[in-house]
Amino acid sequence: MSDGLEDVVAAHTTLSDVDGGAGRLVIRGRSLDDLAGRMAFEEMVTLMLGGLLPGLPSGTALSAALGAARTALFPIVLRMPLPANLSPVEALRAWTALIPDGEDAGTALTLLAAPAVFTAAAVRRARGLEPIAPNAGLSQAADTLRMLRGDRPSAAEAAALDAYLVTVADHGLNASTFAARVVASTRAGLVSAELAGISALKGPLHGGAPGPVIDMLDAIGEPGDARAWLEAALDRGERLMGFGHRVYRVRDPRADALKAALRRLGADSKRLALAEAVEQAALAILRERKPNRPLDTNVEFYTALLLEALGFPPEAFTCVFAMGRTIGWLAHAQEQIAGGRLIRPQSVYVGPRPMQAA
Ligand code: COA
């Protein structure tokens, strides 16, 4: 028995390895530094899913297939209005649930394309704007930004989004990937596995943290106010969003990959200076208050700044995370299906027993 399944090994995988002590992430045999900022979403799909999904195209054929899948999905957002009180990630989940289930390459392509169309449409709907139809000739990253904002993004902006999507594509047996593998192991299908992944990701302890990072930066306002604000938050018993990790005992290497992407983008230097001041103050305070628990910056901290710089509203950050992580969910689901065993652990019953007859 291990609370939170900490340190429990539940799968063999060829997909990714998280070294929490050294702060290293290896994906398909390559270091994160060798991937982030060097390849596009489409190339990451091929790296992760190649060999796991028979019939999946690659190169320009993959880009064209994703474009066609985005176009085929667009009528869903026009014909299926959702309740106005759904958050963007809830809208993403609701629209995704309308895709017929399957375990084939076509279903996977549809799921890879879906967050681009559904995220942009959910954000625009919430702003009272009409959704913008996909442009099948663009890359997934460029088309996502175009559908979101209405203008064609610069090459640097599309590259920054690609760097983000590649950085978050896979990360060992995190909560949402485990959820996706559990569902895939029942042979329910890739759409069901994706829905399990989205549902687990949306929690603030997993992929829902970067929105609150923006709230924190906005509430702090000035670098000089960071320490007092952070101390007060911890005094109220709150956790500092963007810090701490179940596996990393050092800095999350994805934080540096995203900070580098922000610098390449030439993002707002005042905002970056505020973030750096908050980060330094948070690390110092966490070291003072939790001397026995190494707590360092995680992926969510610079995710918030990068996605903000690209024009995503904080409430949609988790949807963009889902777009990148869909690559990992699908690869793990396929690996689980190929391995073939139903995931079914045991629990220790600690409740009352029926009274024994005297
Ligand atoms: N701020 C303040 N204290 C934190 C903290 C944070 N961000 N993260 C962990 N801690 C503290 C806990 O309060 C706990 O202290 P205690 O032992 O005195 O009670 C200790 O560190 C261990 O925390 P624990 O809950 O066992 O760690 P975990 O492995 O279950 O949690 C996270 C990992 C990511 C859920 C946790 O670090 C967290 O909530 N971070 C903030 C949310 C976030 O950024 N999530 C994105 C993750 S990529």
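**Exercise 1. A patch on the surface**

Which residues make the nonpolar surface patch of about 440 Å²?

*Solution.* A word on the model before we start: it is predicted, so local features need pLDDT of at least 70 and side-chain atom pairs count only at pLDDT 80 or more, while totals for chains, interfaces and linings use all residues. Residues are numbered from 1 along each chain as its sequence is written, and side-chain values use heavy atoms, with hydrogens and water left out.

Step 1. Know the rule. Patches are made of residues with over 30% relative accessible area and no salt bridge; like charges are joined within 9 Å, and nonpolar side chains (Val, Leu, Ile, Met, Phe, Trp, Tyr) within 5 Å. Accessible areas come from the Shrake-Rupley method with a 1.4 Å probe, and for residues only the protein chains shown count as cover.

Step 2. Name the members: Met1, Val348 and Val350 make the patch.

Step 3. Place one of them. Val348 lies in the segment after helix H14 (317–339). Helices (H or I, at least four residues) and strands (E, at least two) are DSSP runs, numbered from the N terminus.

Step 4. Val348 counts as exposed because its relative accessibility is 62%. Here buried means under 20% relative accessible area, exposed over 50%, and partly exposed in between (1.4 Å probe, protein chains only).

**Exercise 2. Salt bridges across the chain**

Find how many salt bridges the whole structure holds, then place three of them.

*Solution.* Side chains of opposite charge can pair when their charged atoms come close.

Step 1. Count. The search finds 22 salt bridges, each being a side-chain nitrogen of Lys or Arg within 4 Å of a carboxyl oxygen of Asp or Glu.

Step 2. Take Glu90 and Lys202, whose side chains meet at 4.0 Å, N to O. Glu90 sits in helix H3 (residues 88–96) and Lys202 in the loop between helix H8 (190–201) and H9, so this pair ties together parts that are 112 residues apart in sequence. Glu90 is partly exposed at 22% relative accessibility, and Lys202 is partly exposed at 30%.

Step 3. Turn to Arg181 and Glu335, which meet in a salt bridge of 2.8 Å, N to O. This pair links distant parts of the chain, with Arg181 in helix H7 and Glu335 in helix H14, 154 residues apart. Arg181 counts as buried because its relative accessible area is 4%; Glu335 is buried too, at 12%.

Step 4. Finish with Arg289 and Asp235, at 2.9 Å, N to O. Arg289 belongs to helix H12 and Asp235 to helix H10, 54 residues apart. Arg289 is partly exposed at 34%, whereas Asp235 is exposed at 57%. Both belong to a network of salt bridges that links Arg227, Glu231, Asp235, Glu288 and Arg289.

**Exercise 3. Helix H9 and the loop after it**

Work out which residues of H9 are buried and what Pro223 touches.

*Solution.* Step 1. The buried residues of H9 are Pro210, Gly211, Val213, Ile214, Met216, Leu217 and Ile220. Their cover includes H10, H12, H13 and H14.

Step 2. Gly221, just after H9, takes a positive phi of about 80 degrees.

Step 3. Pro223 lies in the loop between helix H9 (210–220) and helix H10 (226–235), and is partly exposed at 40% relative accessibility.

Step 4. Setting aside neighbours within four places in sequence, Pro223 is in contact (heavy atoms within 4.5 Å) with Leu274 and Ala277.

**Exercise 4. Positive phi outside glycine**

Place Asp7 and Arg28, and give the phi of each.

*Solution.* Step 1. Most residues other than glycine have a negative phi.

Step 2. Asp7, in the segment before E1, has a positive phi near 70 degrees. Asp7 is exposed, with a relative accessible area of 74%.

Step 3. Arg28 has a positive phi of about 50 degrees. Arg28 lies in the loop between strand E2 (24–27) and strand E3 (30–31) and is partly exposed at 24%.
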